[in-house]
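Welcome! Here are some short exercises to help you find your way around a new structure, each followed by a worked solution. Have the viewer ready and try each task before reading on.

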Amino acid sequence: MRNLPWLKQTKKTSPEQHRLNANQQIRTLLNDTSVPAAVRNELIQEFTEIETIAEKLQKGEIHIAAFGRVGTGKSSILNALIGREVFSTSPLHGETRSMQRSDWTTANSDHVVLIDTPGIDELDGESREEMARSVARVSDIILMVCEGDLTETEFNAVYDLSGRKRPLLLVLNKSDRYSQGDLDSLIGHLRDRCAGFIDPGCVLTASAAPRPEKVIRIDEEGNEYPSQRPREPDIRTLRAHLWTILEKEGKTLAALNAALFTSELDGRIAAKIVLARKTVADRIIRNYCLAKGLVVAVNPIPVADLLAAAGTDVTMVVHLGNVYGFQLSRREASKLLLTISAQMLLLMSAYWGVNMVSTAMKTISAGMSAALTAGAQGSLAWYATYVTGRAAETWFAKGKSWGSEGPRETINEILDALDQDSILQTARGDIVKKLKTITSNG
């Protein structure tokens with residue numbers, strides 16, 4: 001049998017070592033105290049699944065899950081593999097309401113568990129399909145059972161399951177209903193439709209519950225009596241294919257799939273943490289924007305404006321560093337600000353030009369006109385701090401690095417993505433509103 005497409009062969013690592021490595025990855029992830037409680041709660045289902053995988057590895061289990069539409073014979077396929085009626089095959093629509101499982105004794109005595117799932121086209125299908133995806137994540141081999149050409153729902157399911165990097169077998173059940181010519185044609189069609197994501201050798205036929213054979217009994221007098229004779233299930237090809245996989249790669253496959261799921265979950269956790277950090281960082285940046293805008297707007301002394309503005313930005317950078325797990329001194333934060341400011345020279349020049357022109361207006365104006373003048377100046381400070389904060393956040397998110405792009409390109413991308421007029425209008429509105437509040441309370 002050729003190398004299977006879902007598994008890169010490794011001669012140096014034994015199945016037991018794969019299992020130990022996977023267990024170590026799982027334990028490291030489960031015991032990672034750096035994962036915020038909110039992220040764990042949001043991914044509670046995935047953490048439950050990984051606990052199940054850890055238990056599965058400990059027991060040395062290999063899981064095979066069957067999927068398909070209602071009535072395709074998923075349960076019959078599994079019963080035929082086991083050799084007895086374990087899974088319900090009631091003619092009632094959607095008899096399988098929840099995941100069911102049973103042990104299967106195989107030729108090489110692996111501890112194999114067969115899993116039956118609800119039909120993918122049942123009512124309330126969204127929740128049941130999610131359960132099916134959950135089972136697929138913790139399964140080592142997947143059987144997609146059909147009874148003819150794939151419907152759109154089946155094709156989408158096959159395509160989705162093929163991306164989970166587990167062995168996927170497409171099983172055409174009820175093959176006894178086709179003539180040999182029609183069967184050959186249908187198998188060829190299925191292989192063509194799934195070319196590119198299912199190996200042709202993984203498209204198989206089966207007849208888990210064949211229709212009774214019609215026979216004519218003739219008595220001694222020549223009278224004919226029609227009757228029916230039950231036929232044995234024909235799953236020889238499927239059973240042989242599964243046994244080959246289990247014998248060749250079973251234990252290694254289970255360990256590698258566990259490691260793959262752990263890696264996927266680790267990636268999801270990282271993405272959730274990034275999102276949480278960005279949410280907190282956004283709130284911090286906007287708070288400092290308003291604080292700096294107000295300081296610049298209400299302070300009538302230009303030099304004090306400069307000092308207050310710089311001090312606000314330094315504190316913001318230190319605060320952002322804490323969010324991303326970096327402890328910066330004010331000296332380090334000031335150095336980062338110098339790098340960012342150098343790339344914002346034109347913006348900062350425009351800001352300080354308006355600052356000097358409007359200072360005189362602040363000293364002679366009163367009431368609303370002062371608020372409006374100060375608001376215009378403060379909104380530029382708000383804008384400058386916003387760009388500075390985004391640039392610093394990007395630097396922290398990349399591990400205190402600008403990456404291959406460098407600070408100039410990074411800041412250019414931030415500026416290009418911003419609607420300057422909209423941001424300045426928002427900043428001005430926030431500052432004027434706050435100034436009115438301060439004036440009315442004063």
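**Exercise 1.** Decide whether Q25 is buried, partly exposed or exposed, then find what it touches.

*Solution.* Keep in mind that this is a predicted model.
- Step 1: Take the relative accessible area of Q25, which is 35%. Buried means under 20% and exposed means over 50%, so Q25 is partly exposed.
- Step 2: Place the residue in the chain. Q25 belongs to helix 1, residues 15-30.
- Step 3: Look for contacts, leaving aside residues up to four places away in sequence. Q25 then touches A259 and T262.
- Step 4: Check a distance along the chain and in space. Q25 and A258 are 233 residues apart along the chain, while their C-alpha atoms are separated by 9.0 Å.

**Exercise 2.** Work out the strand order of the open sheet of six strands, and find which strands stand at its edges.

*Solution.* A little background helps: strands of a sheet pair through backbone hydrogen bonds, either parallel or antiparallel.
- Step 1: Read across the sheet. The order is 2-3-1-4-5-6, and the pairing is mixed.
- Step 2: Go to the two ends of that order. Strand 2 (100-105) and strand 6 (203-205) each have a single partner strand, so one side of each has no neighbour in the sheet.
- Step 3: Follow the twist, which averages 25° from one strand to the next.
- Step 4: Zoom in on one pair. Strand 2 and strand 3 (residues 111-116) run antiparallel and are joined by six bridges. Here R101 stands opposite I115 of strand 3.

**Exercise 3.** Find the strands that helix 6 lies across, and those that helix 7 touches.

*Solution.*
- Step 1: Start with helix 6 (residues 152-162). It lies across strand 1 (61-68), strand 4 (141-146) and strand 5 (168-172). Its direction is at about 170° to strand 4.
- Step 2: Move on to helix 7 (residues 180-193), which packs on the sheet and touches strand 4, strand 5 and strand 6. The angle between helix 7 and strand 6 is about 155°.

**Exercise 4.** Describe the hairpin that strand 7 and strand 8 form.

*Solution.*
- Step 1: Identify the strands. Strand 7 covers residues 213-218 and strand 8 covers residues 224-229; they run antiparallel, with six bridges joining them.
- Step 2: Pick one bridge. R217 has Y225 in strand 8 as its partner.
- Step 3: Look at the turn. Five residues lie between the strands, and G222 in the turn has a positive phi of about 90°.

**Exercise 5.** Classify the ring pairs F326 with F396 and W395 with W402 as stacked, tilted or edge-to-face.

*Solution.* A pair of aromatic rings is described by the distance of the centres and the angle of the planes.
- Step 1: For F326 and F396, the centres are 6.0 Å apart and the planes are at 20°. Planes under 30 degrees apart count as stacked, so this pair is stacked.
- Step 2: Locate both residues. F326 is in the loop between helix 9 (302-323) and helix 10 (330-343), and F396 is in helix 12 (residues 367-397), 70 residues apart.
- Step 3: Compare their surroundings. F326 is partly exposed at 22%, whereas F396 is buried at 1%.
- Step 4: For W395 and W402, the centres are 6.5 Å apart and the planes are at 45°, so the pair is tilted. W395 is buried at 13%, and W402 is buried at 12%.
- Step 5: Put the group together. Y324, F326, W395, F396 and W402 form one aromatic cluster.

How values were computed. Residues are numbered from 1 along each chain as its sequence is written. This is a predicted model: local features need pLDDT of at least 70, side-chain atom pairs count only at pLDDT 80 or more; totals for chains, interfaces and linings use all residues. Side-chain values use heavy atoms; hydrogens and water are left out. Two strands pair if DSSP finds at least two bridges between them. Helices (H or I, at least four residues) and strands (E, at least two) are DSSP runs, numbered from the N terminus. Axes are lines fitted to C-alpha atoms, for helices over the stretch in contact, and angles run from 0 to 180 degrees between N-to-C directions. Contact means heavy atoms within 4.5 Å. Rings of Phe, Tyr and Trp (its six-membered ring) pair if their centres lie within 6.5 Å; planes under 30 degrees apart count as stacked, over 60 as edge-to-face and the rest as tilted. Buried means under 20% relative accessible area, exposed over 50%, partly exposed in between (1.4 Å probe, protein chains only).
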